[in-house]
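Trainee: I'm new to this model and would like a close look at one part of it. Could you take me through the pockets?

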Amino acid sequence: MEPKDLFFAQEGRLKLISGIKKIAGAVKSTLGPYGNTVLIESPHHTHGITVTKDGVTVAKAVDLIDPVENLAVNMMKEAADRTANSAGDGTTTAIVLTEGLVLGWLEQFGTTEVNTTEVLRNIHTLSEKVIESLKKKAKKVSPSMLLDVATISANNDREVGKIISDVYKDVGKNGIVTVERSQTTDTYAETTQGLKIDRGYMSPLFINDQSRDECVFEDVHVLVADIEIGNILQIENVLKPIIQDGKKLLIVAPCHVNVVNTFAANVMKNNLKLCVVQPPSFGYKQHELMQDLAVSVGATYFSEKTGDDLSQISIEDLGHASRVVVGKDKTIILKSDLKIDTIKVDERVSQLWQAHKAAKRKADKDHLLERIASLTGGIGVIYVGGNTDLEQKELYDRVDDAVCAVRSALEEGILPGAGKALLDETATLLPTGSFHYSVEYSAAVKILSNAMMAPFQQILANAGLKPSDVYKEAMPVGHGYNLKTGQSGDLIKMGVIDPLKVTRSALQNAVSVATTILSTNAIITMARAYEVR
């Protein structure tokens with residue numbers, strides 16, 4: 001038997017709300033251009049300390065002793081995680097909105113009995129109305145806006161914003177940008193217009209560009225297989241025409257060490273133009289990436305999983321690339337139009353987008369985006385440096401958020417920033433005309449309106465300001481105050497912007513979590529005994 005503690009109705013909800021206030025208090029101080037850093041004792045990080053302005057990192061660090069309060073914290077973390085997974089940014093906004101909803105509820109119905117279900121249903125309906133309105137007002141991102149989106153998301157670090165925007169301009173709309181830790185103190189970016197494999201040559205004897213330690217081929221055939229080549233006679237049908245015609249061949253397949261040595265010896269002695277690369281990744285990911293590679297270069301993929309026989313391969317089964325650059329630990333393949341089947345590529349990309357939509361984990365989504373980019377656009381990598389481990393970790397979180405925010409902006413467009421987009425929408429919620437609205441509907445309007453004002457108010461509060469300090473008179477829709485310059489005007493033109501996807505995801509997830517908490521009438525937790533020290 002495992003004893004339980006039970007909490008009912010208002011008593012349980014108040015404990016949940018207490019937990020929300022605590023986690024929101026820690027997270028919301030990071031919001032906006034004047035957001036503050038949070039110092040976290042972390043057993044999973046060097047020196048046991050993390051310094052960050054990243055909302056989701058702060059949220060994940062919060063665990064409370066009270067089991068009911070901790071349930072609320074875990075639900076808030078879920079809202080933050082959902083927002084981060086779908087949009088990559090906006091976790092702090094989601095938490096601020098959730099707190100605004102539950103506090104608005106308390107203000108309206110702290111002691112009054114109402115039809116809870118009807119109020120919550122109206123909040124859901126109204127939030128969907130707001131989202132539809134935001135979609136209509138969103139503007140497409142122009143190349144000149146990329147810098148502003150990236151800069152704002154990187155906590156107004158213009159230098160980092162420029163690196164991110166330049167990378168996105170290089171890789172294009174369908175390209176993918178990833179973030180990695182630099183081995184130096186510098187933060188820089190590298191872009192690849194083509195397919196990148198995280199594997200290099202299997203022998204340094206394949207190098208033909210000694211100055212860069214690379215094997216570089218133009219106009220090259222590509223063999224793609226996951227079947228181990230244990231004897232060169234297995235691919236005799238391919239090697240003969242390649243050698244006779246003096247053509248070049250890139251082999252992406254596992255090879256026995258004796259086969260690699262034989263190839264390397266022939267490269268050195270007989271000037272054979274050939275290079276061998278180990279297949280990328282492991283397990284199911286390797287199979288998927290090899291399929292993508294085969295589609296990209298127009299090759300037939302020979303796989304053990306489908307029972308293929310490598311001895312049946314012919315010159316027609318090889319793919320083609322306009323250029324390959326094989327380094328010590330990576331291979332870049334620039335595609336050509338000679339053998340590529342655009343219909344197959346389009347079908348593959350469509351399937352991957354569907355899988356991306358269905359994926360739940362951020363790591364899975366990122367992997368799918370990399371595969372899409374390898375088939376359709378370029379790949380960029382931003383290497384984040386720092387003078388100390390703490391500095392690098394803090395900058396890495398900001399850059400990762402900014403990269404995801406730019407991606408979201410390119411997908412769905414942008415809205416005025418500074419919390420003004422949601423603030424402007426509160427005017428559309430107010431009942432108009434003489435039509436009689438129910439008490440529950442009017443309450444839902446007030447609760448949602450107050451919550452949608454919360455991000456705007458918090459951004460100003462973190463800068464030490466009140467709305468009355470800078471908004472001395474009513475401003476048109478889309479106009480507001482730029483905290484960095486101290487000027488008022490059209491927020492989008494001033495570069496104060498938020499991605500629609502971030503704002504939309506934050507609102508949807510906040511409403512989902514808040515309505516779950518507010519509709520709770522009984523809470524059951526494991527009974528706990530605490531020793532007082």
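Trainee: To begin, which residues lie nearest the centre of the second largest pocket, and how many residues line it?

Mentor: Happy to help, and please keep in mind that this is a predicted model. The residues nearest the centre of the second largest pocket are T178, D198, D366, H367 and E370, and 28 residues line this pocket in total. Its volume comes to about 640 Å³.

Now let's see where that lining comes from. Two or more residues each are supplied by strand 4 (176–181), strand 6 (195–197), helix 10 (283–297), helix 12 (362–376), strand 12 (379–384) and helix 13. Helix 12 gives the most, with six residues. Sorted by class, the lining of the second largest pocket holds 13 nonpolar, four polar and 11 charged residues.

Helix 13 is a good thread to follow from here. Besides helping to line the second largest pocket, helix 13 (389–412) is among the elements that give two or more residues to the lining of the largest pocket. The largest pocket encloses about 840 Å³ of space. Of its 44 lining residues, G32, P33, I152, S153 and D498 are the closest to the centre. Other elements that give two or more residues there include helix 4 (91–109), helix 14 (420–429) and helix 17 (500–518), while the most come from helix 6, with four residues. This lining divides into 18 nonpolar, 16 polar and 10 charged residues.

Helix 6 and helix 13 also pack against each other, at an angle of about 140 degrees and with their axes 8 Å apart. Their crossing is right-handed. On the helix 6 side, L146, V149, A150 and S153 take part; on the helix 13 side, the partners are R398, D401, A402, A405, V406, A409 and L410. By class, this contact has eight nonpolar residues, one polar and two charged. Look again at S153: this residue of helix 6 meets helix 13, and S153 is also one of the residues closest to the centre of the largest pocket.

One last stop is helix 14, which also helps to line the largest pocket. The structure holds 22 salt bridges, and in one of them the side chains of E425 and K137 meet at 2.6 Å, N to O. Since E425 belongs to helix 14 and K137 to helix 5 (residues 116–137), the pair ties together parts that are 288 residues apart in sequence.

Methods:
Residues are numbered from 1 along each chain as its sequence is written. This is a predicted model: local features need pLDDT of at least 70, side-chain atom pairs count only at pLDDT 80 or more; totals for chains, interfaces and linings use all residues. Side-chain values use heavy atoms; hydrogens and water are left out. On a 1 Å grid over the protein atoms alone, a cavity is a set of points where a 1.4 Å probe fits but cannot get out, and a pocket is an open set with protein on both sides within 12 Å along at least five of seven lines; lining residues have an atom within 4 Å of a point. Grid points are joined across faces, edges and corners, and a volume is the space filled by probe spheres set on the points. Ala, Val, Leu, Ile, Met, Phe, Trp, Tyr, Cys and Pro count as nonpolar, Asp, Glu, Lys and Arg as charged, and the others, Gly among them, as polar. Axes are lines fitted to C-alpha atoms, for helices over the stretch in contact, and angles run from 0 to 180 degrees between N-to-C directions. A crossing is left-handed if the near helix is turned anticlockwise from the far one by less than a right angle, and right-handed if clockwise. Contact means heavy atoms within 4.5 Å. A salt bridge is a side-chain nitrogen of Lys or Arg within 4 Å of a carboxyl oxygen of Asp or Glu.
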